[in-house]
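Work through the exercises below with the model open. Each task is followed by a solution in steps.

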Amino acid sequence: MELTGVGTAINIVAVLVGGGIGTLVGARLPEGMRSSAMSAIGIVTLLVGVQNFFETENPLVPLVAVVLGLVVGEALGIERSLKRLGDALERRFSRGESPVSRAFVTTSLLFCVGPLTIIGSFEDGLTGNYELLALKSALDFIAALTFASVLGWGVLLSAGTVLVVQGTLTLGASFIAPVVTEAMISAATATGGVLIFGLGLILLDLREVRVANMLPALLFAPLIVLASPLWPL
């Protein structure tokens, strides 16, 4: 029997190590360099969002998913809850400014939205092949290092999101994989692109978008595709 879950374990270590190094390096960067780095990260985040959005051929799916997700997220107060959690962690562990909730939400989305996450987790769960997740881990290591150098140690918390999301997909691969189609993966990726674009706007201080309240959209997107034969979307 193939050992499963290795890819997720590697990914978690990559995020923790990259984030840890980035946090130490960032504390020594001049404020001007940190500000410039934040602008660069914001621009790249926007571009990643746009790239992910073009994964779908039907923009109505992410649009409807985001609207539905926002309604649910606003009702649940996800953004407010995450901010309270981030503020509590900052008061307990931070000596200086550390936008924990922003770092956590931003990197959690970047690390867990995309084809590599879903397909890689399925391959790991079904066959024990973690090559795709190993590749993703290398990319996430660089991203965690970069983001943590600017946003601080809150990036480390996204390792927990990786554990939950990829761990669930890996363990449930035998049940989920037969149901999930390429169109559903594309829809979830494109919807995630909308959320990531919103994060880019926040990082560039262009507009305050309550991205966390849109998180349920990531569940609605594949469900809309699954139900699409019922109506002409």
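**Exercise 1.** Is Phe54 buried or exposed?

Solution. The model is a predicted one. Phe54 has a relative accessible area of 61%. The cut-off for exposed is over 50%, so Phe54 is exposed.

**Exercise 2.** Classify the ring pair formed by Phe53 and Phe54.

Solution.
- Step 1. A pair of aromatic rings is described by the distance of the centres and the angle of the planes.
- Step 2. Rings pair if their centres lie within 6.5 Å, and the count of aromatic pairs comes to 1.
- Step 3. In that pair, the ring centres of Phe53 and Phe54 are 6.0 Å apart and the planes stand at 70°. Planes over 60 degrees apart count as edge-to-face, so the Phe53 and Phe54 pair is edge-to-face.
- Step 4. Phe53 has 27% relative accessibility and therefore counts as partly exposed, while Phe54 is exposed.

**Exercise 3.** Describe the salt bridges of the structure, with their location and burial.

Solution.
- Step 1. The structure holds 2 salt bridges.
- Step 2. One joins Arg210 to Glu74, with 2.8 Å between the closest N and O atoms. This pair links distant parts of the chain, 136 residues apart: Arg210 lies in the loop between helix H10 (182-203) and helix H11 (217-227), and Glu74 in helix H3 (residues 60-76).
- Step 3. Arg210, at a relative accessible area of 47%, is partly exposed. Glu74 is also partly exposed, at 32%.
- Step 4. A salt bridge also connects the side chains of Asp140 and Lys136, at 2.6 Å from N to O. These residues are 4 apart in helix H7 (residues 131-151), so about one helical turn separates Asp140 from Lys136.
- Step 5. An α-helix has 3.6 residues a turn, so residues three or four places apart point the same way.
- Step 6. The cut-off for buried is under 20% relative accessible area. Asp140, at 6%, counts as buried, and Lys136 is buried at 4%.

**Exercise 4.** What are the length and the burial of helix H5?

Solution.
- Step 1. Helix H5 covers residues 100-112, which makes 13 residues.
- Step 2. From first C-alpha to last, H5 reaches 18 Å, close to the 18 Å expected at 1.5 Å a residue.
- Step 3. Of the 13 residues of H5, 11 are buried, so the helix is largely enclosed by the rest of the structure. Among them are Val100, Ala103, Val105, Leu109, Leu110 and Phe111.
- Step 4. After H5 comes Gly114, with a positive phi near 145°.

Note on methods. Residues are numbered from 1 along each chain as its sequence is written. This is a predicted model: local features need pLDDT of at least 70, side-chain atom pairs count only at pLDDT 80 or more; totals for chains, interfaces and linings use all residues. Side-chain values use heavy atoms; hydrogens and water are left out. Rings of Phe, Tyr and Trp (its six-membered ring) pair if their centres lie within 6.5 Å; planes under 30 degrees apart count as stacked, over 60 as edge-to-face and the rest as tilted. Buried means under 20% relative accessible area, exposed over 50%, partly exposed in between (1.4 Å probe, protein chains only). Helices (H or I, at least four residues) and strands (E, at least two) are DSSP runs, numbered from the N terminus. The expected span of a helix is 1.5 Å times one less than its number of residues. A salt bridge is a side-chain nitrogen of Lys or Arg within 4 Å of a carboxyl oxygen of Asp or Glu.
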